[in-house]
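Please open the model in your viewer and keep the sequence beside it, as this tour moves from one selection to the next and says what can be found at each stop.

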Amino acid sequence: MSKVVESAATAQLNDYLLTNNLMPRYLSAYRKKHSTETALLRVWSDTLNATETRQVTLLGLLDLSSAFYCVDNHLLLQRMEHGFGLSDVVLLWINSFFSDRTQQVAYAGELPTNRPLLFGVPRGSALGPLLYILYTAELEQVGARHGMRLHECADDSQLYIHVTITDTPVVEQCLTAYVSEVNQWMRASRFRLNPAMTEVMWLGSHQQLKNVDITF
């Protein structure tokens with residue numbers, strides 16, 4: 001019964017977001033006709049187009065640690081209200097979806113008492129992924145403020161910018177400013193980057209890359 005109700009709520013919420021153009025534009029997960037393939041095609045196509053105009057691309061691959069388990073439920077409700085215009089019965093229902101959840105962790109053959117679960121969206125639920133999208137939608141705005149393009153796929157984000165060789169020193173400043181603001185946003189959102197899975201690289205033609213002398 002829970003799955004049926006969640007699926008109905010997810011369908012209605014999706015229709016509302018799409019009708020009012022509120023869904024993050026560059027998102028390739030948990031949407032119809034979108035996948036990791038569409039994320040790859042968009043980033044690669046933009047990179048090839050930049051190469052044709054003698055530009056290089058700085059690409060950052062960002063990975064969040066245990067992102068689905070770190071969602072602050074109270075903050076999510078605030079973002080749904082102020083960022084997406086949801087209110088009243090909708091927020092009350094979403095709040096009830098999070099309420100009174102508990103967890104147990106079996107260790108060494110022992111099962112301790114239930115502990116209240118205060119954060120995170122339920123993995124494996126029909127509604128959980130969509131709520132995660134709404135929680136992290138602000139990341140696209142953060143990238144835009146620094147001239148960066150962002151494409152998200154679940155909890156993985158591809159951040160990139162195209163520049164000429166002469167402008168590569170400026171990119172370092174843009175990236176530093178962006179990372180600083182993202183770190184502030186993540187701390188406020190109870191997230192953190194996974195350094196082992198986060199990478200930064202230059203993309204472009206062999207001839208152009210030979211002239212790039214900035215490494216990260």
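**Aromatic rings**

Begin by selecting Trp-93 and Phe-97, which, because they are four residues apart in helix 4, are separated by about one helical turn. Keep in mind throughout that this is a predicted model. At 31% relative accessibility Trp-93 counts as partly exposed, whereas Phe-97, at 15%, counts as buried.

A search of the whole structure finds six aromatic pairs. For one of them, select Phe-68 and Tyr-132, whose rings are stacked with their centres 4.3 Å apart and 15 degrees between the planes. This pair links distant parts of the chain, since Phe-68 belongs to the loop between strand 1 (56-63) and helix 3 while Tyr-132 lies in helix 5, 64 residues apart. Phe-68 counts as buried at 5% relative accessibility, and Tyr-132 is buried too, with a relative accessible area of 2%. Now add Tyr-135, Trp-185 and Phe-191 to the selection, and you will have a cluster that ring pairs link together with Phe-68 and Tyr-132.

**From the cluster to helix 3**

Stay with Tyr-135 and show Arg-79, whose charged end sits over the ring of Tyr-135, 4.5 Å from the ring centre. Arg-79 is among the buried residues of helix 3, which also include Asn-73, Leu-75, Leu-76, Leu-77, Met-80 and Phe-84. Select helix 3 (residues 73-84) as a whole: at 1.5 Å a residue its 12 residues should span 16 Å, and its end C-alpha atoms are 16 Å apart, which agrees. At the N-terminal end Asp-72 caps this helix, with a side-chain oxygen 3.0 Å from the backbone nitrogen of His-74, and just after the helix Gly-85 takes a positive phi of about 70 degrees. To see what covers the buried residues of helix 3, show helix 1 (2-19), helix 4 (89-98), helix 5, helix 6 and helix 7, which are included in that cover.

**Helices 5 and 6**

Next, select Thr-136, found in helix 5 (residues 128-136). Is Thr-136 buried or exposed? At 2% relative accessibility, Thr-136 counts as buried, and, leaving aside its neighbours within four places in sequence, Thr-136 is in contact with Glu-152, Trp-185 and Phe-191.

Finish at helix 6 (residues 138-145), where Leu-139, Val-142 and Gly-143 are buried. Seen down the axis of helix 6, these buried residues fall within an arc of 95 degrees, so they line one face of the helix. Turned away from that buried side is the face carrying the exposed residues Ala-144 and Arg-145.

Methods
Residues are numbered from 1 along each chain as its sequence is written. This is a predicted model: local features need pLDDT of at least 70, side-chain atom pairs count only at pLDDT 80 or more; totals for chains, interfaces and linings use all residues. Side-chain values use heavy atoms; hydrogens and water are left out. Helices (H or I, at least four residues) and strands (E, at least two) are DSSP runs, numbered from the N terminus. Buried means under 20% relative accessible area, exposed over 50%, partly exposed in between (1.4 Å probe, protein chains only). Contact means heavy atoms within 4.5 Å. The arc is that of the directions from the helix axis to the C-beta atoms. The expected span of a helix is 1.5 Å times one less than its number of residues. A polar contact is a pair of N or O atoms within 3.5 Å; within protein, one must be able to donate a hydrogen and the other to accept it, and residues adjacent in sequence count only if both atoms are side-chain atoms. Rings of Phe, Tyr and Trp (its six-membered ring) pair if their centres lie within 6.5 Å; planes under 30 degrees apart count as stacked, over 60 as edge-to-face and the rest as tilted. A charge sits over a ring if NZ of Lys or CZ of Arg is within 6 Å of the ring centre and within 35 degrees of the ring normal.
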